[in-house]
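Let's take a walk through a protein model together, a few spots at a time. Have the sequence and the 3D view open as you read.

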Amino acid sequence: MKKAKGTKSLIGKVVFAITLVTVLFALIFCAVIKQYNKYGNKNFELFRSDIKYFVVGFALLLIIMLFFFVCMAYAASNGTELATPEYFGVDFEKDAKEKEKLKSVEASDKVETALATVNSKTSEFEENGEPASVSVSATERAKTSENALSSADGSRFYMLTEIDKAYEKYSRPAYNDEIGLRELCEAFRNFSAGKLKLYYDIADIRRFIGALAVTKLIILQGMSGTGKTSLAYAFGEFLDNKTVVVPIQPMWKERTDLVGYYNEFTRRFNETTLLYKMYEANCNEEIYVTVLDEMNIARVEYYFAEFLSLLEIPNPDGRNLDVVADKWDDDPKLLQHNGKLRLPTNMWFVGTANNDDSTFSISDKVYDRAMVLNLDKKAVPFDASDARGIKLSATHLEKLFERAWREYALSDRNMRRIKKLDEYMIQTFHITFGNRIMKQIRAYVPVLVACGGTELEALDDILSRKVFRKLESKNPVYVKQMADGVCGYLDELFGEDKMALCKEAIRLIEQNV
């Protein structure tokens with residue numbers, strides 16, 4: 001009865017289609033007659049040349065329609081409908097049922113395995129003369145079945161769950177808690193030269209270590225091939241904790257590109273290497289370096305915006321990054337509170353930046369929050385006397401920074417000089433240091449001195465990166481007019497030829513006008 005009803009419905013559709021085509025043919029025929037009357041008998045040849053393409057196309061349409069009707073009639077005679085997946089031998093519903101069946105079979109196999117293990121243990125107890133009450137109750141069997149089914153699906157965070165398992169029996173390794181900042185810089189430079197054949201000037205090494213004391217975001221600028229990425233890579237090798245390199249993609253616009261996202265279809269979280277390393281860093285005291293390779297090939301303010309905001313929070317315990325909006329019972333331990341992951345205090349982000357037509361300019365918002373190092377020259381190769389790496393904890397490194405802040409605090413004389421320079425820059429260029437820059441100066445200068453530099457060298461370096469860099473956004477013609485006066489004032493305030501980097505920044509703007 002069902003088949004006969006389907007056949008009648010199909011015949012009705014065919015009759016309707018034939019009626020529609022017949023009406024179409026009649027209308028076209030009327031149009032042809034009208035066109036013929038327009039041309040008249042005298043212009044019959046002209047009419048025939050214009051109408052022949054139309055007749056050919058119309059004939060092809062008729063053939064296609066007839067073929068379609070034949071296919072429909074054949075389908076009706078076999079009791080099937082045309083253009084369905086089943087007609088072409090595809091049964092999606094059946095495939096879905098088979099997948100569900102296989103999934104249930106796998107889960108039931110795990111249940112049977114778990115129950116068999118429990119029953120075997122029960123048998124052992126009974127053979128050894130233990131009371132029969134040791135046997136598994138119905139409630140315990142149901143609980144075992146539920147756990148087995150849960151393990152069949154697994155946590156939505158596979159990689160992070162594996163970290164929890166790996167750190168169940170974690171023991172703190174032996175760190176070098178005796179080394180100082182000066183020895184750290186020398187050891188790192190020798191290791192890079194001796195083991196990796198990467199040569200750096202000792203001043204660049206000191207700037208890099210000093211930048212670690214100021215902020216968690218460091219930007220390395222310079223021409224291609226000057227060792228920007230390799231510097232961060234070498235530091236990870238030196239500490240026996242490999243550096244993570246994240247190649248930035250041009251289409252990145254939000255932080256999910258960095259940490260991943262929850263996939264509603266697979267019910268799994270697409271975890272990234274950065275998320276994995278951030279979670280791992282919260283479990284130990286290692287020093288982690290993450291390289292944002294070619295960070296300005298996309299807009300930093302878009303994909304790194306949440307990180308920039310969190311890094312400004314003074315209390316590290318308040319720097320919590322949203323990973324998921326809800327909480328599952330089998331989520332990793334560090335996410336079970338509110339779905340947030342704390343930004344690890346032992347992780348530094350090092351961005352490499354190139355300035356060319358394929359990149360975006362880095363905004364002042366990013367520059368103000370980061371420490372900038374310019375690697376413009378390659379160091380001269382040298383023979384390294386000692387090329388051994390060390391095991392250094394982030395806890396000890398922070399203690400070294402705190403000791404430097406106490407022992408080598410910025411002198412009162414240089415504080416007065418900075419105040420006078422600030423007043424001069426406000427009057428001349430309407431540029432001020434600001435509280436953030438002053439805080440960075442107080443953190444950077446003592447650490448650079450502890451690494452083996454001098455106070456004026458440290459001031460020259462950070463002022464050129466933080467204050468005189470802002471002259472690039474001013475009127476270049478005006479800056480050129482005031483260049484000699486600014487350089488003269490620097491010599492008068494700090495001593496002749498003492499602020500070479502600051503004057504170099506001014507002269508570079510002057511040359512580009």
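What follows is a short tour of a packed helix pair, a buried phenylalanine, two loop residues and some cysteines.

One thing to keep in mind from the start: this is a predicted model.

**A pair of packed helices**

Start with α16, which covers residues 434-450, and α17, which covers residues 455-466. These two helices pack at an angle of about 145°, and their axes are 9 Å apart. If you look at how they cross, the crossing is right-handed. On the α16 side, the contact is made by Ile437, Gln440, Ile441, Tyr444, Val445, Leu448 and Val449. On the α17 side, the residues making the contact include Leu459, Ile462 and Leu463, along with charged ones such as Glu455 and Lys466. Sort the whole contact by class and you get 10 nonpolar, one polar and four charged residues.

Now zoom in on α17 alone. How far apart should the ends of its 12 residues be? At 1.5 Å a residue, α17 should span 16 Å, and its end C-alpha atoms are indeed 16 Å apart, so the two values agree. α17 is also mostly covered, with 11 of its 12 residues buried. Among those buried residues are Leu456, Ala458 and Ile462, but also Asp460, Asp461, Arg465 and Lys466.

**A buried phenylalanine**

Next, find Phe157, in the loop between α4 (138-153) and α5 (158-166). Is Phe157 buried or exposed? Its relative accessible area is 0%, so Phe157 is buried. Who are its contacts from elsewhere in the sequence? Leaving out residues up to four places away, Phe157 touches Phe269, Glu271, Val323, Val324, Asp331, Pro332 and Leu335. The fold also brings Phe157 and Arg268 to 6.7 Å from each other, C-alpha to C-alpha, although they are 111 residues apart in sequence.

**Two loop residues with positive phi**

Here are two residues to look at side by side. Lys197 has a positive phi and is not a glycine, and that description also fits Asp497.

| Residue | Phi | Loop | Relative accessibility |
|---|---|---|---|
| Lys197 | near 60° | between α6 (181-195) and α7 (202-212) | 55%, exposed |
| Asp497 | about 60° | between α18 (476-494) and α19 (500-512) | 58%, exposed |

Why does Lys197 count as exposed? Because exposed means over 50% relative accessible area, and Lys197 comes in at 55%. Asp497 counts as exposed too, at 58%.

**Cysteines and a neighbour in sequence space**

Finally, the cysteines. How many disulfides does the model have? The count comes to zero. Take Cys487: the closest cysteine sulfur to its own is in Cys502, 9.4 Å away, and that is too far for a bond, because a disulfide needs the two sulfur atoms within 2.5 Å. Cys487 is buried, at 6% relative accessibility. Cys283, by contrast, has a relative accessible area of 24%, so it is partly exposed.

To finish, look from Cys487 across to Glu504. Glu504 sits in helix α19 and is exposed, with a relative accessible area of 52%. Glu504 and Cys487 are 17 residues apart in sequence, and their C-alpha atoms are 9.3 Å apart in space.

How values were computed: Residues are numbered from 1 along each chain as its sequence is written. This is a predicted model: local features need pLDDT of at least 70, side-chain atom pairs count only at pLDDT 80 or more; totals for chains, interfaces and linings use all residues. Side-chain values use heavy atoms; hydrogens and water are left out. Helices (H or I, at least four residues) and strands (E, at least two) are DSSP runs, numbered from the N terminus. Buried means under 20% relative accessible area, exposed over 50%, partly exposed in between (1.4 Å probe, protein chains only). Contact means heavy atoms within 4.5 Å. Axes are lines fitted to C-alpha atoms, for helices over the stretch in contact, and angles run from 0 to 180 degrees between N-to-C directions. A crossing is left-handed if the near helix is turned anticlockwise from the far one by less than a right angle, and right-handed if clockwise. The expected span of a helix is 1.5 Å times one less than its number of residues.
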